[in-house]
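Work through the exercises below with the model open. Try each task before reading its solution.

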Amino acid sequence: MDARLIQGAAYLVLIIFLTIVLYGYIMHLYRSEKKGKRNYEKYGKMALDDELTSPPVEPLEENEKESK
Amino acid sequence: MQNPAIEYDYTVARWFSYLAILFGILGMGIGVWIAFELAFPELNYVAGQYSLFSRLRPLHTNIVAYGFTLSGIWATWYYVGQRVLKVSMAESKFLMFVGKLHFWLYFLGTLAAVVSLLLRYTTSKEYAQFEWPFDIVVVLIWVLWGISIFGLIGIRREKTLYISMWYYIATFLGVAMLYLFNNMEVPTFLITGMGDPLHSVSMYAGTNDAMVQWWFGHNAVAFVFTVPIIAMIYYFLPKESGQPVYSYKLSLLSFWGLMFVYLWAGGHHLIYSTVPDWMQTMGSIFSVILILPSWGSALNMLLTMKGEWGQLKENPLIKFMVLASTFYMLATLEGPIQSIKSVNALAHFTDWIPGHVHDGTLGWVGFMIIAAIMHMAPRFFKREIYSRKLLEIQFWLQTTGIVLYFSSMWIAGITQGMMWRAVDQYGNLAYSFIDTVTVLHPYYTLRAIGGLFYLTGTFMWAYNFFKTMTASRAIEKEPQFASPMAA
Amino acid sequence: MFSWLERNPFFFAVGVFIVIAFAGLIEIVPDFAQQSRPVAGAKPYTLLQLAGRQVYIKESCNACHSQLIRPFKSETDRYGMYSLNGEYAYDRPFLWGSKRTGPDLHRVGNYRTSDWHANHFWDPPAIVPGSIMPAYRHLYKNVTDLETAYAEALTVKKVFNVPYDKDIDGDGKVDVPLGTFEQAKKQALQDALKVAEETKRKDLVDMVKQGKIPEVVALIAYLNRLK
């Protein structure tokens, strides 16, 4: 097989794959917000309420409750 | 549940901040000096061979990139990392030890490497000049940082990683990969048992070496001058202004966009060289696409200030950060323009390129590190910032410096590029090379003055920081948002 | 999948790594073998030239001078034939540079002579009025480190099969001899004497005759080779 061909094919596949992933990601972000599953904007608070004493936005203990 | 005695531990962050200031002054000082050398060549001889332009130029680039910028990155990492993960370094003796070891190894390693450059030990590959023993030290330093990152993540209280963390992790991985591959070299002493023990020879030859070098060189810019600086601004701008990021979703998207696109753009350093044509074109195209994620981040930062633009007037730190985002936008627009083949034909090898680099480094990297360290200073020392006025003056002085720098280099670069290709009516070259050098004298002078302005500002920053540490009024508790400052 | 990735730092890191590594993998690796083939007639550097190349690197000449002639008429008129891939096959590291504060040097051997260089390194503005290049007078005193140059030559011969002590063009003669260090040094001194005499500087000739090659002589030998 020609190295050039593999190169081109791998490149094309990667581009398409990543484009799909990226769009999937956008859809995922908005859909989970719409459905009320998760509000991504709340993570912005992590920079603001960052004292050791302030409650975490998502404590580690809740790990099991909503894993998906 | 919380132990009230535990507080964030800023020891290592503080140390790295001192180092950032020290290396900042040193690196920029050398930069200004060699800028003057280009305008007034007699200055080359003040310290014999040790002050020749060619000797000092790698020193300048390495100290600002790996001294100043990395110190700034780590100062903020050891600060931001704890805060967004909500865990103190004081909670782990091990991580504290790793942090301190990281600092000392880095400090001593960088000093030794800088001295080795002065003594002519260099591999000549730009931004990777250090000889092989220093490369090994760099790897060790990097591993220590990795332990620090993932160790702190391991004991975190906050489940989800804040966007800044993503960028720090990407910096860690990106630089690790690039640095390793680009510095593959064979120490000649180990093979033959003779000659200088520090000498090595590159694993790659010619065009391959160039490809690896610029794949590295370009992305070193990505992962030292862009990615970690975005990590900083995503924390410090919201924190200082009290406004959450305009769109957290946009920040996530820009992250993946940047990760994917950046690496492909390295080919734009090799346009019209002997690397395969398709790679040059790819470099060109991806550089243009790169505008999207870059502007995504930058606009996200600017929009964070939506409705709060009043702060821009009152708070000099906000000024620094907003202008940093603006310069980021400028630099990420300028870069793709220079990557277009026809523009590159003109711009490559000219002073427009250093001009472009300094838009990014002075405006974006420098301003962001200055703002971040001044934001941290009141938290470090429990004192208010010594002088708002000094910060204001510094801001305007440095901004003027940057404008002088890039405007003079634009003119110089385009002038020189046009003169190299100019022909007379018979189609012969119109200018000899030296004509294209002497014509640049006024621009070189202007550039050096611009640099001097910026350096003066850096000294003011150091003074302000020192005074904040020693003589400023104490505050009872850590400020939540805007950093307190005395008039 | 996405929310899972965001909370698992390890897999997140793996994801990032795959995304950034892919570009390098596709872009760089497949062309490697092809790029490293030398053009017909390309020969490795002699010991003296290699030593001169090391001086070039040590002094960071590449901070201001490129070695890459792009395929434009304005460049080929000024510097000569545009650069070819295979001409760099023995360049470890490559020295293309990224900035022309001074002119390109890829074919400087075609239009500059040893004595021009010797005068120019001593005082550039005297030869090229208006030049901002500094003088490199310490190169007239520093003695070339032939041992390190030999170590490099031997290393590339052993590790990368660079054709020293081989007949490259098929005329039955060894093209670039290297041999033992003693042999190589003798050859280098001979070559250096020739260059030193071309420079018409007595001090340089005297030094070479004493068995010490000034760095500038090695450097000039290297620059003369760039054609």
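**Exercise 1. Overall form of chain B**

What radius of gyration does chain B have, and what would a compact globule with 487 residues have?

Solution. Bear in mind that the model is predicted. Start with the rule: 2.2 Å times the number of residues to the power 0.38. For 487 residues, this puts a compact globule near 23 Å. Chain B has 23 Å, so the value agrees with the rule. Next, take the box. Along the principal axes, the C-alpha atoms of chain B fill roughly 80 × 55 × 45 Å. Then take burial: 60% of the 487 residues in chain B are buried. Now turn to contacts with a separation of 6 or more. In chain B, 81% of these join residues 24 or more positions apart. Finally, the secondary structure of chain B comprises 17 helices and 2 strands.

**Exercise 2. Unusual backbone angles**

Find two residues of chain B, other than glycine, that have a positive phi. Decide whether each is buried or exposed.

Solution. Recall the background: most residues other than glycine have a negative phi. The first case is S124(B), with phi about 75°. S124(B) sits in the loop between α3 (93–118) and α4 (132–154) of chain B. Count the other C-beta atoms within 10 Å of S124(B): there are 23. The cut-off for burial is 20 or more. S124(B) is therefore buried.

The second case is F349(B), with phi near 75°. Its loop runs between α13 (341–347) and α14 (352–381) of chain B. F349(B) has 24 C-beta neighbours inside 10 Å, so F349(B) counts as buried.

**Exercise 3. A cis peptide bond**

Which residue follows R92(C) across a cis peptide bond, and where does that residue lie?

Solution. Most peptide bonds are trans. Look at omega from R92(C) to P93(C): the value is near -5°, and the bond is cis. P93(C) belongs to the loop between α5 (73–79) and α6 (114–122) of chain C.

**Exercise 4. Helix α8 of chain C**

Check the span of helix α8 (residues 146–160) of chain C, then find what its buried residues pack against.

Solution. The helix has 15 residues. At 1.5 Å a residue, α8(C) should span 21 Å. The expected span uses one less than the number of residues. The end C-alpha atoms of α8(C) are 20 Å apart, which agrees. Next, list buried residues: among them are L146(C), T148(C), Y150(C), E152(C) and V156(C). Now trace the partners of the buried residues. In chain B they are β1 (185–187), α6 (188–192) and β2 (200–202). In chain C they are α4 (47–58) and α9 (181–199). Last, step past the end of the helix. N161(C) follows α8(C) and has a positive phi, near 55°.

**Exercise 5. Two interfaces of chain C**

How many residues does each chain give to the contact of chain B with chain C, and to that of chain C with chain A?

Solution. Take chains B and C: 67 residues of chain B touch 66 residues of chain C. On the chain B side, helix α7 (residues 206–241) gives the largest share, 9 residues. By class, that side has 38 nonpolar, 20 polar and 9 charged residues.

Now take chains C and A: 6 residues come from chain C and 9 residues from chain A. On the chain C side, α1 (2–7) and α2 (9–27) each give two or more residues. The largest share, 3 residues, is from α1(C). This side of chain C has 5 nonpolar, 1 polar and no charged residues.

Definitions and conventions: Residues are numbered from 1 along each chain as its sequence is written. Chains are lettered from A and ligands numbered from 1 in the order in which they are written. This is a predicted model: local features need pLDDT of at least 70, side-chain atom pairs count only at pLDDT 80 or more; totals for chains, interfaces and linings use all residues. Helices (H or I, at least four residues) and strands (E, at least two) are DSSP runs, numbered from the N terminus. A residue is buried if 20 or more other C-beta atoms lie within 10 Å of its own, exposed if 12 or fewer, and partly exposed in between; C-beta atoms are placed from the backbone. Two residues are in contact if their C-beta atoms, placed from the backbone, lie within 7 Å. Ala, Val, Leu, Ile, Met, Phe, Trp, Tyr, Cys and Pro count as nonpolar, Asp, Glu, Lys and Arg as charged, and the others, Gly among them, as polar.
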